[in-house]
Amino acid sequence: MKTAFTECFGIEIPIVQAPMAGGPTTPELVVAVSEAGGLGSLAGGYLSPGELAKQIDAVRAKTNKPFAVNLFVPQALHASAGSDAQVMWDALKSVRDTLGVSAAVLPTWSVDDHFAEKVEVVLDQRVPIVSFTFGLPDAEVIRRFKEEGRLLVCSATSVAEARCLRQTGWTRLWRREARRADTAGRFSKMVAGR
């Protein structure tokens, strides 16, 4: 099925597999979708830069079809985010004990999800299509990807977000369902003042 969409992304059918961070998206799923003619998408969110590189390698080892990597754009967090996480960690100790989860300390995390390092991984690995969720990367990141000829895509969950993206030069947008606030990928509050 040839459409402007399939031609743009070098795929056979206009289907994009959602990059579901946190475990559901595996290299095997990405390969299966890409091999079937759609666009498989790795979820870079919550992965370490090293794990992201390994997953890209795993996809490349099994397909030469186009695929994408999705990155979370860092957001400013409230100053209490770290202490709030510790309070929740401490509050859940009894649940961990009951379930036999042996985690003595709060796992380390990065407020920016190692965004800069993941940008370098995706550039170094020459990933053909890069998508962004939760906001707009800065102009320097966009310039570097465009300079390398990558297709860039940003998520929009509303007409207002799509208009904002178009005004800032984005030509390829995903429309994401915004039914669930925890998975919607919204950023419109962040750009409302722009």
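This passage describes the strands, helix packing and selected loop residues of a predicted model.

The secondary structure of the protein comprises nine helices and five strands, and along the sequence these elements follow the pattern α-α-β-α-β-α-α-α-β-α-β-α-β-α. The protein has 194 residues, of which 39% count as buried. Among the contacts with a sequence separation of 6 or more, 59% are accounted for by residues 24 or more positions apart.

The pairing of the strands may be followed from strand S1, which spans residues 40-43. S1 and S2 run parallel and are joined by four bridges, and within this pairing Gly40 has Phe67 of S2 as its bridge partner. The connection between S1 and S2 passes through helix H3, residues 49-62, and the resulting β-α-β crossover is right-handed. Strand S2, which covers residues 67-72, pairs in turn with S3 in the parallel sense over five bridges; here the bridge partner of Val69 is Val130 in S3. S3 also pairs with strand S4, residues 151-156, again in the parallel sense and over four bridges, with Ile129 standing opposite Leu151 of S4. The elements S3, H7 and S4 together form a β-α-β unit that is right-handed.

The burial of two of these strands can be resolved by face. In a regular strand the side chains alternate between the two faces of the sheet. In S1 both faces are covered, since Gly40 and Leu42 on one side and Ser41 and Ala43 on the other are all buried. Strand S3, residues 129-133, is mostly covered, with five of its five residues buried. Both of its faces contribute to this description, as Ile129, Ser131 and Thr133 are buried on one side and Val130 and Phe132 are buried on the other. Val130 and Ile129, which lie on opposite sides of S3, are also the residues named above in the pairings with Val69 of S2 and with Leu151 of S4, respectively.

Helix packing was examined for H6 and H7. Two packed helices are described by the angle between their axes and the distance between the axes. Helix H6, residues 115-124, and helix H7, residues 139-147, pack at an angle of about 10 degrees, and their axes are 11 Å apart. This angle makes H6 roughly parallel to H7, because angles under 35 degrees are placed in that class. On the side of H6 the contact is made by Phe115, Val119, Glu120, Val122 and Leu123, and on the side of H7 by Val141, Arg144 and Phe145. Of the residues in this contact, six are nonpolar and two are charged, whereas none is polar. H7 is also the helix of the β-α-β unit that contains S3 and S4.

Several loop residues were considered individually, beginning with those in the N-terminal part of the numbering. Thr25 is located in the loop between helix H1, residues 4-9, and H2, and this residue is buried, with a relative accessible area of 6%. The contacts of Thr25, not counting residues up to four places away in sequence, are with Gln17, Ala18, Pro19, Met20, Val30, Ser41, Leu42, Ala43 and Gln55. Among these contacts, Ser41, Leu42 and Ala43 are buried residues of S1. The C-alpha atoms of Thr25 and Leu42 are 6.5 Å apart in space, although the two residues are 17 residues apart in sequence. Ala36, by contrast with the buried Thr25, is exposed, with a relative accessible area of 54%. Ala36 is placed in the loop between helix H2, residues 27-35, and S1, and its C-alpha atom is separated by 9.8 Å from that of Ile15, which is 21 residues away along the chain.

Two further loop residues are distinguished by their backbone geometry. Tyr46, in the loop between S1 and H3, has a positive phi of about 75 degrees although it is not a glycine. Phe134, in the loop between S3 and H7, is likewise not a glycine and has a positive phi of about 80 degrees. As to accessibility, Tyr46 counts as exposed at 60%, whereas Phe134 counts as partly exposed at 24%. The loop that holds Tyr46 belongs to the right-handed crossover from S1 through H3 to S2, and the loop that holds Phe134 belongs to the right-handed unit of S3, H7 and S4.

Note on methods. Residues numbered from 1 in each chain as written. Predicted model: local features only at pLDDT ≥ 70, side-chain atom pairs only at ≥ 80, totals over all residues. Heavy atoms only, no water. Axes fitted to C-alpha atoms, helices over the stretch in contact; angles between N-to-C directions. Helix = DSSP H or I, 4+ residues; strand = E, 2+ residues; numbered from the N terminus. Parallel < 35°, antiparallel > 145°, perpendicular 65-115°, else oblique. Contact = heavy atoms within 4.5 Å. Nonpolar A, V, L, I, M, F, W, Y, C, P; charged D, E, K, R; others polar. Buried < 20%, exposed > 50% of the residue type's maximum accessible area, 1.4 Å probe, protein only. Pairing = 2+ DSSP bridges. Right-handed = clockwise from strand over helix to strand, strands pointing away.
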